[in-house]
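Reader: I'm new to reading protein models. Could you walk me through this one, a question at a time?

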Amino acid sequence: MSSRNFQSLPDFGFSIDQVRQLQARMVRPQFLYISGPAGGGKTKAALLLAWTFFQAYRRPFRIDGQDMTTAQIRQAAIEKTAGILFHDLASPHDYLKAGYCFDCHMTAIGIAFDGLPNATYGHATLLTQLPALVTREDVTVIGIDRADEDGVERYKADIHLQ
């Protein structure tokens, strides 16, 4: 994302209160799980969140988590990478790699292959894949869906904080 095309989180569809909640949580390693239907804006939201909380502050962030091995994830942590984006999480192995970022003290942004825009239901889906997350306080589930208004591309964000 270039800075000239930057869209703020509120312009995207996050409320000011949601932005404040995310900002407070993103000061430490976190697992952001983004759920929503196909074409609902999950990838756009994930990239916007990565830009807002990492790239804009020059904290290294990778967007190729899907293709990384656990050894590569560990090496990224050694190199002080702040986080990794995992696109189209579908298999248990994909979820485990994203969860491995916790062990390496990095933030992971995981995008569900397809899911529900309601964050509470997204949280339930995540718990079926990574049940150990039920006790963690560093998990944020974000449901994203399109909410176009008057021909303007807009999205709606729903957040479930652990």
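Author: Sure, here come some short questions and answers, and keep in mind that this is a predicted model.

Reader: Let's start with the sheet. In what order do the strands sit in it?

Author: There are six strands, and they form an open sheet with mixed pairing. β2 (61–62) and β6 stand at the edges with a single partner strand each, so one side of each has no neighbour in the sheet. Reading across, the order is β2-β3-β4-β1-β5-β6.

Reader: OK, β1 then. Which residue of β4 is the bridge partner of Phe-31?

Author: β1 and β4 (residues 107–112) pair in the parallel sense, over four bridges. Look along β4 for the partner of Phe-31, and you land on Ala-108.

Reader: And in β5, what is the bridge partner of Tyr-33?

Author: β5 covers residues 139–146, runs parallel to β1 and is joined to it by five bridges. The β5 residue that bridges to Tyr-33 is Val-141.

Reader: Which residues of β1 point the other way from Phe-31, Tyr-33 and Ser-35?

Author: In a regular strand, side chains alternate between the two faces of the sheet. Here, five of the five residues of β1 are buried, so the strand is largely enclosed by the rest of the structure. Phe-31, Tyr-33 and Ser-35 point one way, and the ones pointing the other way are Leu-32 and Ile-34.

Reader: Moving along the sheet, which residue of β4 is the bridge partner of Phe-86?

Author: β3 (83–89) and β4 run parallel and are joined by five bridges. In β4, the partner of Phe-86 is Gly-110.

Reader: Thr-107 caught my eye. Which residue has its backbone nitrogen 3.2 Å from a polar atom of the Thr-107 side chain?

Author: Thr-107 sits in β4, and its relative accessible area is 2%, so it is buried. Leaving aside neighbours within four places in sequence, its contacts include Met-26, Pro-29, Phe-54 and Ile-84. Gln-30 is in contact with Thr-107 too, and the backbone nitrogen at 3.2 Å belongs to Gln-30.

Reader: Now helices. How far apart are the end C-alpha atoms of α3?

Author: α3 takes in residues 42–53, which makes twelve residues. At 1.5 Å a residue, it should span 16 Å. The model agrees with that, because the end C-alpha atoms are apart by 16 Å.

Reader: How many of the residues of α3 are buried?

Author: α3 is mostly covered. Among its buried residues are Leu-48, Leu-49, Trp-51 and Phe-53. Out of twelve residues, the buried ones number nine.

Reader: What about α5, how far apart are its end C-alpha atoms?

Author: α5 covers residues 92–103, and its twelve residues should span 16 Å at 1.5 Å a residue. The distance in the model agrees with this: 17 Å.

Reader: And what covers the buried residues of α5?

Author: The buried residues of α5 include Tyr-95, Ala-98, Cys-101 and Phe-102. Several elements help to cover them, including the strands β1, β3, β4 and β5 and the helices α4 and α6.

Reader: Which residue just after α5 takes a positive phi?

Author: Look in the loop between α5 and β4. The residue there has a relative accessible area of 63%, so it is exposed. Its phi is about 60 degrees although it is not a glycine, and its name is His-105.

Reader: Where is Lys-80, which also has a positive phi?

Author: Lys-80 has a phi of about 70 degrees and is not a glycine. At 65% relative accessibility, Lys-80 counts as exposed because the cut-off is over 50%. Its place is in the loop between α4 and β3.

Reader: Last topic, the rings. How many aromatic pairs does the structure hold?

Author: Some of the rings link up: Phe-31, Tyr-33, Tyr-95 and Phe-102 form a cluster through ring pairs. Arg-136 lies over the face of Phe-102, at 3.9 Å from the ring centre. For the structure, the number of aromatic pairs is six.

Reader: What kind of pair do Phe-12 and Tyr-155 make?

Author: Phe-12 lies in α1 and Tyr-155 in β6, so the pair ties together parts that are 143 residues apart in sequence. Phe-12 is buried at 0% relative accessibility, and Tyr-155 is buried at 6%. The ring centres are 4.5 Å apart and the planes are at 10 degrees, so the pair is stacked.

Notes. Residues numbered from 1 in each chain as written. Predicted model: local features only at pLDDT ≥ 70, side-chain atom pairs only at ≥ 80, totals over all residues. Heavy atoms only, no water. Helix = DSSP H or I, 4+ residues; strand = E, 2+ residues; numbered from the N terminus. Expected span 1.5 Å × (residues − 1). Buried < 20%, exposed > 50% of the residue type's maximum accessible area, 1.4 Å probe, protein only. Pairing = 2+ DSSP bridges. Phe/Tyr/Trp six-rings, centres within 6.5 Å; stacked < 30°, edge-to-face > 60°. Lys NZ or Arg CZ within 6 Å of the ring centre and 35° of its normal. Polar contact = N/O pair within 3.5 Å; in protein donor to acceptor, adjacent residues only side chain to side chain. Contact = heavy atoms within 4.5 Å.
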